[in-house]
Amino acid sequence: MTTVNSEKLSSARFAEATDAFVEEFTASVNFDKRMAEQDIQGSIAHATMLCAIGILTTAERDAIIDGLTQIAEEINCGQFVWSIKQEDVHMNIEARLTDLIGVAGKKLHTGRSRNDQVATDIRLYLRSEIKHIEIQLRRLQTAILDLAEQYADTIMPGFTHLQVAQPITFGHHLMAWFEMLSRDHERLQDCLKRINVMPLGAAALAGTSYPIDRQLTSDLLGFSRPSANSLDSVSDRDFAIEFTAVASLIMMHLSRFSEELILWSSAQFDFIDMPDAFCTGSSIMPQKKNPDVPELVRGKSGRVTGHLIALLMLMKSQPLAYNKDNQEDKEPLFDTVDTLINCLRAYADMVPHIKAKKENMYQSAKRGFATATDLADYLVRKGLAFRDAHEIVGLAVRLGLDSQRDLAELSLPELQQFSPLITSDVYDILTLEGSVAARKHIGGTAPETVKKAIQSARITFNA
């Protein structure tokens, strides 16, 4: 009778032991053991299905489930002994199961392969982690809504090319961040549709000759459906790449937020006060208050984008079906999940404590002729063509530059030398308050519009 090496379940085919370095080099257990919960979850569903089709007896199924439950407890308590001799999380758990329950443990792998097993584990893992990501994402969005509501009337300069463009409200600016994160949430939900497809039952690449019930296994694991092609099932990592792409977009958004917070907290802008708990000092300059959390998040965005590129390069030249290359999919994926959750958590904790320096924002908005477009629109409403109005306002701005005065500080006769259409009512629209209040259409910066947008967002959150 052929016997299997007790230390390594897959060793019977080989005449000599694996080189010690190669054994360590090829092992993945040190990082893929984080999928132990999902591996056990998938094995319990697989055993239940095997029993339903008559391959396992009820007693064998129960012994397998009891053994897997005990293994889960050992892992949770830190008592499980992981071994690189068993290569990965799957073989470690199967070896321990066989130690616990004997022959029945050896029957668990009937009708499946590590190829479809790992593909299933990764999907279960991502499905679970997306829930944690969404919790942090929603926390951050709620914090942004609260801050936007607090500063819905606070006027600040809006920028293009980092030059003062038009006056806006701080609440309006914060709601732009909210919209970016809302799209991220939608992308996560859409990505989840393609993650939530079950590859288990595809076996190594061609399916299995056993009369398995893949729909039953899919239902037990909460997947939307079984995958349609066994060859694609074991080699597909599109879902992981797509998730990492979504994560890269979220991190890019957080990086843009970071850039603005870093600028606004600088002495040159002095728009906001960052909470001390999220900043650090200097080892040599006692006056420094460095925005380390936003800076670190900005840096980590490159890390996640790098993982996206790594996964794309990993897959770009692989033939169907499974190849050992795919062992390299997990570390970038796991690190993406960890980095994203941590960055979202840091922001969700930090944002509620940001304080706006209202007067500094207001005074900054008064510089740079922020109401120039309002004056052009005023002339258009008086019957002038926009291009002619644009030219006239340019002349008025030139006078303001030469005399170091804002448009609102120019006298009526001075303004009228550029156009007789200008009357005393022009000063209503040259104020910062008048400028922002006029933009009350959907998506505008008017305080009343911002407050409606916040209210609508809260209703959607609670729906």
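Buried means under 20% relative accessible area. Phe239, at 2% relative accessibility, therefore counts as buried. The model toured here is predicted, and Phe239 is a convenient place to begin.

**Stop 1: Phe239**

Select Phe239 in helix α11, which covers residues 238-264. Then display what surrounds the side chain. Leaving aside residues up to four places away in sequence, Phe239 touches Ala119, Ile122, Arg123, Leu126, Cys191, Arg194 and Ile195. Arg194 in this list belongs to helix α8 and comes up again at the next stop. Measure also from Phe239 to Lys193: the two C-alpha atoms are 9.3 Å apart, while 46 residues separate the pair in sequence.

**Stop 2: the charged network beside Phe239**

Now select Asp190, Lys193, Arg194 and Glu242, which salt bridges link into a network. Which residue does Glu242 pair with, and at what distance between the closest N and O atoms? The partner of Glu242 is Arg194, at 2.7 Å. This pair connects distant parts of the chain, since Glu242 sits in helix α11 and Arg194 in helix α8, 48 residues apart. Glu242 has a relative accessible area of 23% and is therefore partly exposed. Arg194, at 38% relative accessibility, also counts as partly exposed.

Move to Asp190 and Lys193, another salt bridge of the network, with the closest N and O atoms 3.5 Å apart. Both residues lie in helix α8 (residues 170-195); because they are three residues apart there, about one helical turn separates them. Asp190 is partly exposed at 31% relative accessibility, whereas Lys193 is exposed at 57%.

**Stop 3: Asp338 and Arg34**

The structure holds 28 salt bridges. For one that spans a long stretch of sequence, select Asp338 and Arg34, whose side chains meet at 2.7 Å, N to O. Where do the two members of this pair lie along the chain? Asp338 is in helix α13 (residues 330-350), and Arg34 is in the loop between α2 (29-32) and α3 (36-52), 304 residues away. Asp338 is partly exposed, with a relative accessible area of 30%. Arg34 is partly exposed as well, with a value of 36%. As background, side chains of opposite charge can pair when their charged atoms come close.

**Stop 4: the β1-β2 hairpin**

Switch to a cartoon view and select residues 155-169. Strand β1 (residues 155-160) and strand β2 (residues 163-169) run antiparallel and are joined by six bridges. Two of the pairings can be picked out by name. Met156 has Ile168 of β2 as its bridge partner, and Thr160 has Gln163 of β2. Between the strands of this hairpin there are two residues; His161 takes a positive phi near 55°.

**Stop 5: Pro211**

Select Pro211, in the loop between β3 (197-198) and α9 (214-221). Is Pro211 buried or exposed? Pro211 counts as exposed, because its relative accessibility is 57% and the cut-off for exposed is over 50%. Add Ile53 to the selection: Pro211 and Ile53 are 158 residues apart in sequence, yet their C-alpha atoms are 7.1 Å apart in space.

**Stop 6: a nonpolar surface patch**

Turn on the surface and select Phe21, Val22 and Phe25. These residues form a nonpolar patch with about 350 Å² of accessible area together. Phe21 belongs to helix α1, residues 20-26. With 57% relative accessibility, Phe21 counts as exposed. Set against this, Phe239 from the opening stop counts as buried at 2%.

**Stop 7: confidence**

Finally, colour the chain by pLDDT. What is the mean pLDDT of the chain? The mean is 94, and 97% of the residues reach 70 or more. Residues 1-6 have pLDDT below 50, and this stretch has four contacts in the model beyond near neighbours in sequence. Where pLDDT is low, the predicted coordinates should not be read in detail.

Technical notes:
Residues are numbered from 1 along each chain as its sequence is written. This is a predicted model: local features need pLDDT of at least 70, side-chain atom pairs count only at pLDDT 80 or more; totals for chains, interfaces and linings use all residues. Side-chain values use heavy atoms; hydrogens and water are left out. Two strands pair if DSSP finds at least two bridges between them. Helices (H or I, at least four residues) and strands (E, at least two) are DSSP runs, numbered from the N terminus. Patches are made of residues with over 30% relative accessible area and no salt bridge: like charges are joined within 9 Å, nonpolar side chains (Val, Leu, Ile, Met, Phe, Trp, Tyr) within 5 Å. Accessible areas come from the Shrake-Rupley method with a 1.4 Å probe; for residues, only the protein chains shown count as cover. A salt bridge is a side-chain nitrogen of Lys or Arg within 4 Å of a carboxyl oxygen of Asp or Glu. Buried means under 20% relative accessible area, exposed over 50%, partly exposed in between (1.4 Å probe, protein chains only). pLDDT is the predictor's confidence in each residue, from 0 to 100. Contact means heavy atoms within 4.5 Å.
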